[in-house]
There are 2 protein chains.
Amino acid sequence: MDIKNRVAIIGAGCTKFGENYEMTYEDMVIDATYEAYEDAGVEPQDIQAAWIGTSRYELIGQRGAATSISQPLGLFEIPITRVSNYCCTGMEAVRNAALGILSGLYDVVLAVGAEKMREVGSRESLISGAHNAGHPFLKKGYTGPGLFSLLANRYFHTYGITREHLARVAVKNHHNGSLNPKAHFQMEVDVDRVLNAPLVSYPLGRLDCCPTTDGASAVILTRSELAKNFRDDPILIQGIGLNVGSEMNVFDGEFDFLGFRPTQKAAEEAYQQAGIRNPRKDIDVAEIHDCFTITEIIDYEDLGFCERGQGGDLIIDGVTSLEGDLPVNTGGGLKSYGHPIGATGVRMIHDIYKQLQGKSGFRQVKNAKTGLAHTLGGPGAIGCVFILGKQ
Amino acid sequence: MDIKNRVAIIGAGCTKFGENYEMTYEDMVIDATYEAYEDAGVEPQDIQAAWIGTSRYELIGQRGAATSISQPLGLFEIPITRVSNYCCTGMEAVRNAALGILSGLYDVVLAVGAEKMREVGSRESLISGAHNAGHPFLKKGYTGPGLFSLLANRYFHTYGITREHLARVAVKNHHNGSLNPKAHFQMEVDVDRVLNAPLVSYPLGRLDCCPTTDGASAVILTRSELAKNFRDDPILIQGIGLNVGSEMNVFDGEFDFLGFRPTQKAAEEAYQQAGIRNPRKDIDVAEIHDCFTITEIIDYEDLGFCERGQGGDLIIDGVTSLEGDLPVNTGGGLKSYGHPIGATGVRMIHDIYKQLQGKSGFRQVKNAKTGLAHTLGGPGAIGCVFILGKQ
C-alpha cells in the first residue's frame with residue numbers, strides 16, 4: 001500500500017542543543033514535547049500512543065523503556081515503545097509512530113528523540129561504549145573519525161578533491177548554525193580556521209567532526225484527513241525508507257569506501273513512494289547526516305543530488321548553501337547543530353517541517369515545498385530517509 | 001479501526017531455554033528464526049521488515065540496533081527496528097511488527113526476541129544493572145524479590161492465603177516444564193521442597209522465583225487474507241493491549257500492593273478488541289507473567305480469571321492446571337521455562353500458537369480455540385496482553 005500523504009505532522013518541538021548541564025534528560029523531554037503540544041494545539045490526553053528514541057540509555061542511568069518518557073510527561077495508560085537503531089534512532093521513533101497511524105489503531109501519536117551525552121566520563125563515552133560493544137572497525141583500532149578518514153582519503157584519491165572542499169562544508173554548516181538559536185555552535189568559521197584545527201585522523205581535523213551534544217526533539221502525527229482539525233499548514237509524510245545493510249561492509253569486498261549502500265537504498269525506496277524522479281530538482285531543502293564533513297559530500301552522491309565524484313563541486317559552487325538551488329543542513333547540521341544520537345533524526349524532521357511552513361527565520365529557504373531528512377547509522381550499516389511535503 | 005483477525009501468525013520458532021553457554025546470542029537468533037522460517041514455509045528473502053526485542057544488550061556486547069539480527073541472519077536491505085520495554089520487550093517486537101502489517105506497507109514480517117543472561121558477572125547482573133539504572137524501589141534497598149514479597153505479604157494479610165498456595169504455583173509450573181523439552185528446568189518439585197527451599201525475601205523462597213536464563217524465539221506475521229497461502233492452520237491476532245503506567249506507583253497512594261493496573265488496563269483493551277466478555281470462560285489457555293509465584297496469583301485477578309482474593313482458590317482447585325478449565329503456563333511459565341527478558345513475550349506467543357494448532361505434545365490442552373499471553377514490565381509499570389485465536 002502507498003504511504004504518500006497518508007500521515008501528517010501537526011506539531012514539532014526542539015530543545016536548545018548543546019551542553020545542557022542545567023537540564024536532565026527528563027527536562028529536555030518535557031521541553032521538546034510541550035513545545036510540540038503547543039504547536040499542534042493538543043493536550044497530553046489527546047496522545048493515544050507514543051514512541052521514544054534513545055540510543056545509549058545506560059550511559060546516563062535511563063531506563064531503556066517507555067517509562068523514560070511516561071514518567072516525566074505524566075503520559076500514563078497509553079502504549080509507549082522505546083526504539084533504538086544507532087544514529088537512525090530518532091527517525092525510527094517517527095517511522096514506527098507513522099506505522100502506528102497507518103495501522104488505523106491510533107489517530108494522534110507522539111514521537112520523541114532524546115539523548116544526554118555530555119555528562120559521561122571518558123570511560124563510559126560513546127567511543128568507549130562502541131568499542132566494548134564489539135564494533136568490528138573499532139575492535140581493529142579504528143574510531144568514528146578513523147573510519148570516515150578512510151573514506152575521505154579514498155575519495156581524495158579517486159576524485160581529486162582536497163581538504164579545502166571538506167572545509168567548505170564546515171564553513172557552510174557553521175554559517176547556518178550561527179543563524180540558529182537552537183544550535184550547539186553558533187559561530188562562523190572560515191576555511192583557514194578549519195584547515196588549521198588540530199588533526200584528528202587525516203584528513204579530518206577537529207572542525208571536520210560533529211560535537212558531542214545533549215538535546216531532545218518531538219513531533220506529533222495524525223492521519224492526514226484529520227490534520228486540518230489541528231492546523232491549516234500540516235506537513236505530510238510522502239515517503240520513508242529504512243534500509244539495514246551489513247555492519248561488516250567496511251571490510252568485505254563490496255565496500256568501495258566511496259558511498260553507503262543503505263543510504264542509497266533507503267533513498268530509492270523513499271523517492272519511489274514520494275514519486276520523486278529527480279532529487280536535485282524535486283527536493284527544495286534537506287537535512288542530512290554530516291557526522292563528518294566528508295560524509296555530507298558522500299551523502300550528496302548517495303542521495304542522488306549529483307553524480308558520483310561531483311559532491312565536491314556542489315559545495316564549491318554553493319548549490320547547497322542557504323542561497324543555493326538545494327540548501328542542505330540549513331540548521332547547521334550535525335556539525336554545528338550537534339548530534340545527540342536519539343534526538344537528531346526527530347530534530348531534522350522538526351527542521352524540515354518548519355522550513356516547509358516558512359517558519360525558519362533567517363535560515364528560511366524560499367518557496368520550499370518538498371524536503372528531505374536523512375540519517376546514517378552505525379558503521380555505515382543503516383540508512384533512513386524521510387520525504388516531507390506541503391499539503 | 002479494529003485489529004481483530006487482521007494479522008495472522010504463520011510461523012514460530014524457539015530455542016531451548018536454559019544455560020546456553022554453548023550458543024552465542026547470534027546462534028540463538030539463527031536457531032529460533034530458521035525454525036520459524038521452516039514452520040511458515042518461507043525463505044529469508046520473503047521477509048519484508050523485522051523487529052528485534054532485546055532488553056539488556058549492553059550486558060553481552062550486543063549492538064542495541066537492527067544489526068544484532070541482520071548480521072547473523074544475513075537479512076540485508078530491509079527495514080529492521082530494535083525495541084525494548086522492560087519485560088514486555090519481546091511482545092513489543094511482535095506488537096510493532098503487527099502494526100507494520102496493519103499499516104499495509106509489508107506483507108510478511110519477522111519478530112524476534114532474544115536475551116543472553118547467564119554469561120554476566122554479578123557486577124553486571126540484572127539486579128546490579130537495575131540498581132544503577134535508578135529504579136526507585138531498588139534505590140531504596142529493594143530487589144525484584146523484595147518488591148514482590150511486599151505484594152505477597154500484603155496479599156496474605158488481606159486474603160488469608162499461605163506459602164502453600166504459592167508453592168502450588170511452583171509445583172504446577174515445574175510439572176508443566178517437566179513435559180517441555182525446551183524448558184530451562186525440566187524437573188518436578190513437590191510442595192515440601194518449595195517450602196523448604198532457602199528463603200530469598202519472606203515469604204518468597206528460591207523456588208518461588210524464576211531463574212536467569214538464555215533463549216530466543218521468533219514469529220512470522222502476515223495479513224490474514226494472505227495466511228492461507230502459507231499454511232492451513234494460521235493463528236490470528238484478536239487483540240493487543242499495551243499499557244504504560246507509573247514507575248512510581250509502588251510508592252504513591254494509589255498502589256494497594258494487591259494488583260497491577262497496567263495489566264488490568266492492557267487486558268481490558270485486548271478483551272474489547274477481541275470481543276471477550278468473560279475471560280474465565282472465553283480463554284482456553286494462557287501464558288502469563290509468573291516472575292514470582294505470587295505474581296501468577298495476582299495476574300489471575302488482574303486478567304479477570306477470577307474475582308479479587310480468589311486467585312489462591314484457582315490454584316488449589318486445579319483450575320489452572322493442565323487438566324483444569326483454564327490451563328495457565330502450560331510450558332512451565334517464567335518459573336520453569338525460564339525468563340530471558342527479550343525472548344519471553346515472543347516465546348509465550350510461540351507457545352499459544354502451538355497450543356491452538358494442537359501441537360503441544362504432552363502439554364496439549366484439548367480443543368483450545370482462544371489463547372492469551374501476558375507480560376508485566378519493570379516495577380509493575382507496563383502490561384501487555386495478546387489474545388490469539390484459530391481462524
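**Close-ups of a predicted model**

**View 1. Helices α3(B) and α15(B) are oblique to each other.** That label fits because angles under 35 degrees count as roughly parallel, over 145 as roughly antiparallel, 65 to 115 as roughly perpendicular and the rest as oblique. In this predicted model, the axes of α3 (residues 89-102) and α15 (residues 341-356) of chain B come within 5 Å and cross at roughly 60°. Axes here are lines fitted to C-alpha atoms over the stretch in contact, with angles running from 0 to 180 degrees between N-to-C directions. Helices are DSSP runs (H or I, at least four residues), and strands are too (E, at least two), numbered from the N terminus.

**View 2. Who touches whom between α3(B) and α15(B).** On the α3(B) side sit T89(B), G90(B), M91(B) and V94(B); they meet α15(B) residues including I341(B), G345(B) and I349(B). Contact means heavy atoms within 4.5 Å.

**View 3. E19(A) sits in the loop between β1 (7-14) and α1 (25-40) of chain A.** E19(A) is partly exposed, at a relative accessible area of 41% (buried is under 20%, exposed over 50%, partly exposed in between; 1.4 Å probe, protein chains only). Leaving aside neighbours within four places in sequence, E19(A) is in contact with R118(A), H184(A) and D214(A). The C-alpha atoms of E19(A) and K116(A) are separated by 9.0 Å, though the two residues are 97 apart along the chain.

**Notes.** Residues are numbered from 1 along each chain as its sequence is written, and chains are lettered from A in the order in which they are written. Local features need pLDDT of at least 70, side-chain atom pairs count only at pLDDT 80 or more, and side-chain values use heavy atoms, leaving out hydrogens and water.
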